Amino acid sequence: KLGEDVKSFGLVNFVDAESAQKAVDDLNGTEKYKMEGITEPLYCQRAMKKGERRTHLRNKKNERAKKYQGINLYIKNLHDSIDDDKLYDVFAPFGKITSHMVMKDGNGAT
């Protein structure tokens with residue numbers, strides 16, 4: 001079960017990297033497409049494996065100019081009321097989505 005201090009998250013997979021990049025550029029760190037219950041700016045970045053994320057964080061300071069290459073996005077700071085359909089509605093304007101989901105615990109909470 002997720003603790004109360006753990007933020008909810010979702011995943012959005014686009015057909016191409018350009019669509020994913022447009023979504024990141026437009027949504028990351030903004031409240032432009034504010035979803036119900038969000039109290040923090042939306043975090044939207046390319047999804048990474050755990051080891052890749054650790055390496056990225058270590059090198060982040062020196063690699064700010066690294067070019068975006070992914071098509072899968074990691075979305076966090078979602079409210080419990082956000083479902084798969086609402087997540088889709090926010091990201092669909094950026095391009096064709098191959099899959100999307102809001103992660104939920106065993107009780108159905110995000």
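Leaving aside its neighbours within four places in sequence, which residues is serine 19 in contact with? In this predicted model, the contacts of serine 19 beyond that local stretch are Phe14, Phe94, Gly95 and Lys96. Here is a friendly tour that starts from this serine, moves on to the sheet, and ends with a pair of tyrosine rings.

**Serine 19 and helix α1**

- Serine 19 sits in helix α1, which covers residues 17-27.
- With a relative accessible area of 5%, serine 19 counts as buried, because the cut-off for that class is under 20%.
- Serine 19 shares this status with other residues of α1: Ala20, Gln21, Ala23, Val24 and Leu27 are buried as well.
- The cover over the buried residues of α1 includes three strands, β1 (8-14), β2 (43-46) and β3 (72-78), and also the helix α3 (84-91).

**The two ends of α1**

- At the N-terminal end, aspartate 16 acts as the cap of α1, with a side-chain oxygen 3.3 Å from the backbone nitrogen of glutamate 18.
- After α1 comes glycine 29, which has a positive phi near 75 degrees.

**The sheet and helix α3**

- Four strands form an open sheet in the order β2-β3-β1-β4, and their pairing is antiparallel.
- β2 and β4 (97-102) are the edge strands, each pairing on one side only.
- On average, and with direction ignored, neighbouring strands of this sheet are turned by 15 degrees against each other.
- β1 and β4 run antiparallel and are joined by five bridges.
- Asparagine 13 has serine 99, in β4, as its bridge partner.
- Helix α3 lies across β1, β2, β3 and β4, and runs at about 135 degrees to β4.

**The tyrosine rings**

- The model has one aromatic pair.
- That pair is made by tyrosine 43 and tyrosine 74, whose ring centres are 5.9 Å apart; their planes stand at 75 degrees, so the pair is edge-to-face, a class that begins over 60 degrees.
- Distant parts of the chain are linked by this pair: tyrosine 43 belongs to strand β2 and tyrosine 74 to strand β3, 31 residues apart.
- Tyrosine 74 has 28% relative accessibility and therefore counts as partly exposed, since that value falls between the cut-offs of 20% and 50%.
- Tyrosine 43 has a further partner in lysine 76, which lies over the face of the ring at 4.7 Å from its centre.

Definitions and conventions
Residues numbered from 1 in each chain as written. Predicted model: local features only at pLDDT ≥ 70, side-chain atom pairs only at ≥ 80, totals over all residues. Heavy atoms only, no water. Helix = DSSP H or I, 4+ residues; strand = E, 2+ residues; numbered from the N terminus. Buried < 20%, exposed > 50% of the residue type's maximum accessible area, 1.4 Å probe, protein only. Contact = heavy atoms within 4.5 Å. Polar contact = N/O pair within 3.5 Å; in protein donor to acceptor, adjacent residues only side chain to side chain. Phe/Tyr/Trp six-rings, centres within 6.5 Å; stacked < 30°, edge-to-face > 60°. Lys NZ or Arg CZ within 6 Å of the ring centre and 35° of its normal. Pairing = 2+ DSSP bridges. Axes fitted to C-alpha atoms, helices over the stretch in contact; angles between N-to-C directions.
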